[in-house]
Structure formats: C-alpha cells, structure tokens
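Please look through the structure shown here, and then follow the explanation that comes after it, which takes the two chains in turn and ends with the place where they meet.

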Amino acid sequence: MLTNLLRVVLLILSLLLPSNALRAQDTPIDIPAGIAAMGEASLKELGQLVTDLAATGDSAVVPALTALGAGTLYFEETSGAVLIERGSSYLNPITGEAVELGADADLSKIRVNNGLRRDIAAALAGMTLMSDNPATRLTAANGFLAKPDPANIPLLDEAIAAETDANVLKAMQTARAVTILGDDEASIEERQAAVPLVTAGAGRGAITILNGARNSAPAELQPAIEAALAGLEQERAVWGALQNVWFGISLGSVLLLAAIGLAITFGVMGVINMAHGEMVMLGAYTTFMVQLIIRQNFPGLIDYSLLIALPAAFLVTGAIGVGIERGIIRWLYGRPLETLLATWGLSLILQQTVRSIFGPTNQMVIAPTWMSGSTEFYGLSITYGRFWIVIFALIVFFMLLMILNRTPLGLQMRAVTQNRRMASAMGIRTPFVDAMTFGLGSGIAGLAGVALTQIDNISPNLGQNYIIDSFMVVVFGGVGNLWGTLVGALTLGVANKFLEPYAGAVLGKILILVLIILFIQRRPRGLFALKGRAVEQ
Amino acid sequence: MNIFSAKSALLAAALAGSVSLSAVPAMAQDDTIKVGILHSLSGTMAISETTLKDTMLFLIEQQNAKGGVMGKMLEPVVVDIASDWPLAAELARQLIEVDEVDAVFGCWTSVCRKSVLPVFEELNSLLFYPVQYEGEESQRNVFYTGASPNQQAIPAVDYLMSEDGGSVERWVLAGTDYVYPQTTNKILEQYLLDKGVAAEDIMINYTPFGHSDWQTIVSDIKAFGSAGKKTAVVSTINGDANVPFYRELGNQGVMAEDIPVVAFSVGEEELSGFDTTPLVGHLAAWNYFMSVDTPENAAFIADWQAFIGSEDRVTNDPMEAHMIGFNLWVKAVEAAGTTDADAVIDAIVGLETPNLTGGIAKMLPNHHITKPVLIGEIQDDGQFFVVWETEDLVPGDAWSDFLPESKMLEADWTAPISCGNYNTETSTCGSAM
C-alpha cells in the first residue's frame, strides 16, 4: 500500500521534471546497476557513481541518494544487494518494496565523507526542487545555496515561477541571487542587483557568502559588496553585544543552579559543605539511571525522561543529604574546619564510589528533541538547551524563595539559623529542621545535576568543576541572602562573557577571581549583606 | 595557617591510600618479573587512564598464559597517581626502589611524564609512554609509543589542505591551556605560515582544563569561519572539556560540511559518553581506530572484551600504543636475556612488532616508533570511518623540523652518538640554545 503510493509519487515526480530529463547525458548509466555498484565502491568510485546517477536526472535515484547522504543505505554482503534502512525493515532502493532478509544476512553501512555529503545534497537539490512537499523543496533550495552552480539558474527560475509557499520562495530567490552573484558570465547590473537579495535572504550566512564573492569579484562589483558587508558587520557588532549578554545570562543561570543549593547549606546554615558538588553529580547520575530505565522499558517516554528525573533526583540527593547531616555534620556544628575536612573526605568517598559502580568513563544522557538545536531570534542565535536551563534556574530560584518565605518549614529554618536556642525554647525541633534544611539544599543540588546533564560530562568529576564557582557566587552575592546569589551568579556570568572575547577564557577566569578578591576586600559581606543582630554570630 | 596544615594532612592521607593500594598483588615471588603500572585511577584523568591500567593487566595476563617471559611469570604492580603529578614522581620512585619493578608503563599527560622523567633518569629504569605528545623531547630511559606531532598533527593539516579534505584555507587552533596543545600549536602555526597561510587566517584559542561553557568560543569560530574561505578547527582540547564543546557545536549548528573539526585527543573512549548524531563528519587523527578492519584488530577487540567482561567496551589508540610498547619490551628482554635496563635499552632499538592496523611498529634509535596515520570521520554509532591514511608508515620525529630552534636537533640513542638532542650543525650533543 505504502510502496504503491511511493511509486505513484515517484511517477508524478518524474513527469514533473522534464527539464532535468533533458539534461541527461548521451549514455546514461544504468540505474539499478549503478545503485548496486555502490555496495562495494571506494569513496572515489562512490563520488563518481553519485555524479553519474544524478546526471540521469531520473527521479528513481532520489531515494537511494537521499539514503546515502543520511547514512541509511546498507550493503548486504551475502546477496550483494543495496538496501535502504527504514525503521527495522529494509527496502529495495528502486521499487521501495520491503525486502525479506535471509538468516545469514551480513549488513554493513555504506559510508560517505563530508565532501560526498555536500555533493549528494547538491545533486538531490536539482531533482527535488519540484517536489510536492514544501519541506523537501526548502531543503532543495538550501542545497543550491550551499553549492551554487550557474547551470541551475533555468531550473531555479522555473521553480520560482511555480512556487506558492512564501518561505520556500524566499529561499529559492536567495539561492538564485547567490548563484548570480558568483556567476562570472552574468552582467554586472544583474550581479549588483543580487547583492541586496543575498543580504536580506541569507541570514547569518550572508557575511560568509559576500566575503566569498568579494574574493573573486571584478572591480566594478566590489563597491556594492563592500557596502553591503559594512552594513552587515555593523549589525553583527550590535547583535554580538546582545548575544554576549545572552551567553552571560545562560552561564549565570548554570552558576545559579549549582550555587543555589549551597546558598542554603552554606549561606543559611553556615556549613562549609565541600561535598555539595558531589550532590550535583549524584543528581546527574540519577538522571542517567532514570533515562536508562525509561529507554529499556518505556521508550515512548524518552522525551520526558528529564522531567521524570527531576523529582527522582531531588528525592535521592535530598535523602542522601539528610543522611549526611544526621550521620556526620550534626556532630560538627560550630567547628568549621572539621566540617570542611569531613565533607571534603566525604566528597572523595562519593566520587570513588560512583567511579567503582559506574566506571570512570562518561555516561550518556540523550537530549530530548525539545532541547536540541537552536533558533534565530532576530540577530540572536539561541540554543534550546540553554534557553530551558535559564527558565529552569529561575523556576527553582523562585520556588525556593517561596519555600523559605511562605511555608512553616521556611519560617522554622530561618528561626533556627538566626537564633538556635530561642527557636528551641519556642518548641521548634531544631535537629529535625537542621536535617530538613540540609536535605533541601542537597535536593536542589540534585536538580542542578539534572540540568547539567545537558551541557556537561556525566562523570564522577562533574561536581568538582562547580564547587569553587558555587562558593564564589555565594560569597560574592552575600552569605545568607538568596537574592544575592541570583544577582551574584548573573553578574559573574555576564562579566565572564564580556571579558572572554578580549582576555581569553583562561585570563578571563583569573581576572574574575582577582575582581572578586578586591570586591570582598571592600565589602567583606558580599553584595547583599545581611544586617542586624543575626550577623554578629 | 590551619588550612595549610589541613591540606598537607590530606595529601598524606591520599599518599597513604595509594601506598596501601600498591601492596595489593602481595604474592611476590623470586621467579617473577615485576611490571609497574603508573596510571591515575582517581581524579580528573581517571576517565582516560583507568582503561590503560586494565589494558596492561590484560596484556600481562595474555603474556603469562603464553608462558611469561624467559620462563618467568609477569607480576603487575599497580599504583594510583590520583591525577597528582608530584605524587606521580613519588610513586615512580617507590615502584623502582621499593617494589623493584623492571619496567613501568604509564602516564597520560605531558606534565606527568615531565614530573617522573628525572626519577627514571636517576634510577636508570624504563618508562613506556603510550599517548600522543608534543615532541621536542627524547630521553634515554623513555620509550614514546604514542604519536609525535609529525605522526598526527602535520598529516591531519595536510589532509585538510588537500582537495579531499576540503582545501581549507583558514584555521582555528583551539586547545586546552597546557604544554601539549601549546607546543603542538606552535609547530602547526609555523608549519601553516611556511605553507603560505596568512597570519590573519590563523586564530589560536586556549581554554582552561574542564572548560564547560563554550558558547562564546563556538560563536567566535562561526564568525571567524564567515570570511568566505573554507575554515577548519584543529582541536587539541583535552579530556572532559570535549563533550560540552561538541554539544555546543551541535546545538549552534556548526556542521562538519561547513566547518570541520579535526581532533587529536578525541577517540572512541571519549565518544562513548554521548550521542554522536550531530557530530557525524567531524574528524579525528590517530594511528589506530577500533573500526580498522584487520584480523589482528578483530582478535584484539574480541580478547579485550572477553577480558573486561563487556561487549560495550571500546578500544582506542593509546591502548594500541601500550600493546606495541609491551610487546617490544618483551621482545627486547628476550633478546637481551635479562631485564637489566641498560641491556634492554640497547636491545630494543630496531626491534619490530606487528601493530593492529596491518603494519609493523619498529623502535627507532630516537625511542619513537613507526606508525601509520589515519584520519577518521565520526559516525553516528560513536565509531570512526577512515577517510584517509598515509601510504607508508611514518617514523616518529622527536624534534620538530618546523621550529627554527629544534630543526637541527636529532635524537639517537645508539652508539656512537647516544644523545637525545644531537646538534647536526655543530656535531655536538646538546642544543645550541
């Protein structure tokens, strides 16, 4: 049923492509033989086969070439057949019919390299420009854009005349303009007219294309390209600054996530918790485990595995946090140096435990589709993964603020940290509140771990990379103040990103450290210092 | 004050921990030959080095199954240098003096090698170093079984400049900020300038260890690549920083067709940590890939996976280097009839052993070996597809021919020269500097 439909579509396609068929060579290659030869061809031979097959202009080669470019074309050694993989079945590349594999089938992927992939995209563009599917036409137009060839102009003109979809039309016109711009045989007027079209249509790629054209353009054309480039460069400088702010906010949100749990355990409770980073790491490993279970048992839920991992990570690390508080830290209250040493030792133990269980290598957490890729927002390029992490950090921050300021537990936490004996005298179970506070801080570190699976390695060392930054943020923002942590994290993020282009990543980090040291000299209590009697303790 | 004493106490504790670890194979017998394994099993470098420790145990077990060396069983002595380089020197000394090992296989980073070098020189023992490195060194007691720059970096750049590689004209040299990337990039920069690349077409960028926020740098690379010339990134980024780097590349849509990244420190082991679908087509240059189709390699992979008990474990280039180094050492000991360091150093030069890619690895007088150079493209299953390889084996060159200060230097540890930095212009031992 499906294969019949495919055949009809192919038939229509072949009827729609007279211009291509006319360009066929005098002695066209035999298509089934050509495709079958792909199985054992070397890279060079494969390149020649692609050129020959594309030159036939016959749409029957489209599925095979598409599959070759996408890496889904296989060679079955026993029967010598070339097959297209689709899901778990294998199709004949010409008829599109499913092929039953023998028990002794020996499948190997037909591999291509970068250059060949580019050639395939360009070859396919010519054959799919008239497709019924707007998305296919868009890909085809972009294929022309990537590899402009003056021979394609008549085909593009024809396609533009017939195009109804505004987006595809724009892509086609841009592709045509780029081709004209680089065509030495086109008139100067035509080429000059193409410059603004390229500028408007090619987005962030326009600078690349114009720069490329400038390198080979005749003198008469230079002024037009120069002018367009100057305008684009200026625009890019403005957007570049904004882009830097976005990068800074995004870095800041990661710092915020990592530090906010510490703002509770260190900032509110005053415990120097060197094992904080390991709580982040455990959160990341919980995510890994959750995804592993989902992948094995409920593959349909894989896109939501991060959301499912959030409560799991919070509970796991929170429980471990309560355990640490009850088992170790409560014996060490008021002795900061011992706490520091004990938690440092604990962090080493946790790291090595994870290393023994999961091995020293990185684990893999797949990014859900809604967190992969990027979008263009005017001149800004925003990656979805970073975007969701910024949103997530803010949600965590405000929820924590609510818990501290609006719930009985939050009230008790603040009471205990401000005056333990008084709180105890008022009937608050201070040991219970201590354990809960530490558990909350650890649980939030676990949440940070879930987010970090999307940008960093999931390895036993994950936490170490964040512990110093976290302390820096909390101290800089002001110990004991959540708003300070927010402002501190974002300030450090943005400052880091503005220093980086000028000073480089290494010197940038050093400068930030020096600036913080100087700042702490001036204001020992950080940006948002607590005032009042609580400070005197 | 207090903090400092706390720190040294910690160090002492760590030291005590590793000392007790080294005592694990306590079945010391007189008729065994001891082999030291000096790798990080904890800390930052554990991710790469733990596998090498297992590789050595695997090789020793295989050799013992074949009857050992000269009728004696081999006995591994494992120590954990915990990614701490002064500790590495301590433990190297302990291996040689206390455990009395006859050869040591170990280290990953150049700073580790530089830290333990004086110990091996002073106590006259043997170190087999299995990782690609920056060159500009040759020491009598060290055998460099990884690639020198002319066996990895230079061929990779040649490939990218060729038509097959995309005729690249503009270069980003991105690396982690330490000695290997710095020296390699110095050599590469000079090589590119010699090849007629304009200085403004080269961008050099360094990042700290474990750098995780690549947004600015990737966007800079995109901007640098928009000058209308074909651009490529040569990455000497090491260790943990690679995963976030590649993730950012994928997310910002830097496709291999537009700006290919060729990496010198990313292998199968590093890629096993993430989904490589967005990275298909990016490149790596090594002397061995797991995907190489030879009977030797198939047998090695099968034996390794049986030893480690998992079908998912990959093999990589430094593992092959350890295998070659180990086999050469075994042959040298058998040829010399003793494990004495001086005799082995004399016997090992010129010995040959098959590598896993169908060629022969030969120990050269400069203590480097011959290797093929392979360029592979990353595939969506985390493996590499070899798109280019050198026709012949490339002999390792200790001193780069492209740096003015080292091009007249040669290393030759055979008589009559017997010198690690022999100046061919003045015919004296020792550099002209």
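Two strands are said to pair if DSSP finds at least two bridges between them. With that in mind, and remembering throughout that this is a predicted model, one can begin in chain B at strand β6, which covers residues 170–176. In β7(B), the bridge partner of L173(B) is I204(B), and this is part of a wider pairing, since β6(B) and strand β7 (residues 202–207) of chain B are joined in the parallel sense over six bridges. The path of the chain between these two strands leads from β6(B) through helix α6 (residues 179–194) of chain B to β7(B), and the β-α-β crossover made in this way is right-handed.

Strand β6(B) also has a parallel partner in strand β8 (residues 231–236) of chain B, again with six bridges between them, and here R170(B) has T231(B) as its bridge partner. In a regular strand the side chains alternate between the two faces of the sheet. In β6(B), R170(B), V172(B), A174(B) and T176(B) point one way, whereas W171(B), L173(B) and G175(B) point the other way, and all of them are buried. The strand as a whole is accordingly described as mostly covered, with seven of its seven residues buried.

Stepping back to the whole of chain B, one finds 12 helices and 19 strands. Its radius of gyration is 22 Å, which agrees with the value near 22 Å for a compact globule of 433 residues, and its C-alpha atoms fill a box of roughly 70 × 55 × 50 Å along the principal axes. Buried residues make up 56% of chain B, and of the contacts between residues at least 6 apart in sequence, 68% join residues at least 24 apart.

Chain A has 21 helices and six strands. A compact globule of its 537 residues would have a radius of gyration near 24 Å, but chain A has 31 Å, and its C-alpha atoms occupy a box of roughly 100 × 65 × 35 Å, taken along the principal axes. In this chain 44% of the residues are buried, while residues 24 or more positions apart account for 70% of the contacts with a separation of 6 or more.

For chain A, an unreviewed UniProt entry carries the annotation "transmembrane region" for several stretches, among them residues 304–324 and 378–404. In the model, residues 304–324 of chain A are 95% helix and 0% strand, with end C-alpha atoms 31 Å apart, and residues 378–404 of chain A are 78% helix and 15% strand, with end C-alpha atoms 39 Å apart.

Is A495(A), which lies in helix α21 of chain A, buried or partly exposed? A residue is buried only if 20 or more other C-beta atoms lie within 10 Å of its own, and exposed if 12 or fewer do; A495(A) has 18 such neighbours, so A495(A) counts as partly exposed. The C-alpha atom of A495(A) is 9.7 Å from that of N244(A), although the two residues are 251 residues apart along the chain.

Finally, the two chains meet where 47 residues of chain A are in contact with 46 residues of chain B. On the side of chain A that touches chain B, the elements that give two or more residues include α6 (114–128), α12 (222–268) and α21 (482–522) of chain A, and the largest share, seven residues, comes from α21(A). By class, this side of chain A has 13 nonpolar, 25 polar and nine charged residues.

Technical notes:
Residues are numbered from 1 along each chain as its sequence is written. Chains are lettered from A and ligands numbered from 1 in the order in which they are written. This is a predicted model: local features need pLDDT of at least 70, side-chain atom pairs count only at pLDDT 80 or more; totals for chains, interfaces and linings use all residues. Two residues are in contact if their C-beta atoms, placed from the backbone, lie within 7 Å. Helices (H or I, at least four residues) and strands (E, at least two) are DSSP runs, numbered from the N terminus. Ala, Val, Leu, Ile, Met, Phe, Trp, Tyr, Cys and Pro count as nonpolar, Asp, Glu, Lys and Arg as charged, and the others, Gly among them, as polar. UniProt positions are given in the numbering used here, feature names are shortened, and annotations may be inferred rather than shown by experiment. A crossover is right-handed if, with the strands pointing away from the viewer, the path from the first strand over the helix to the second runs clockwise. The radius of gyration is taken over C-alpha atoms; the globule rule is 2.2 Å times the number of residues to the power 0.38.
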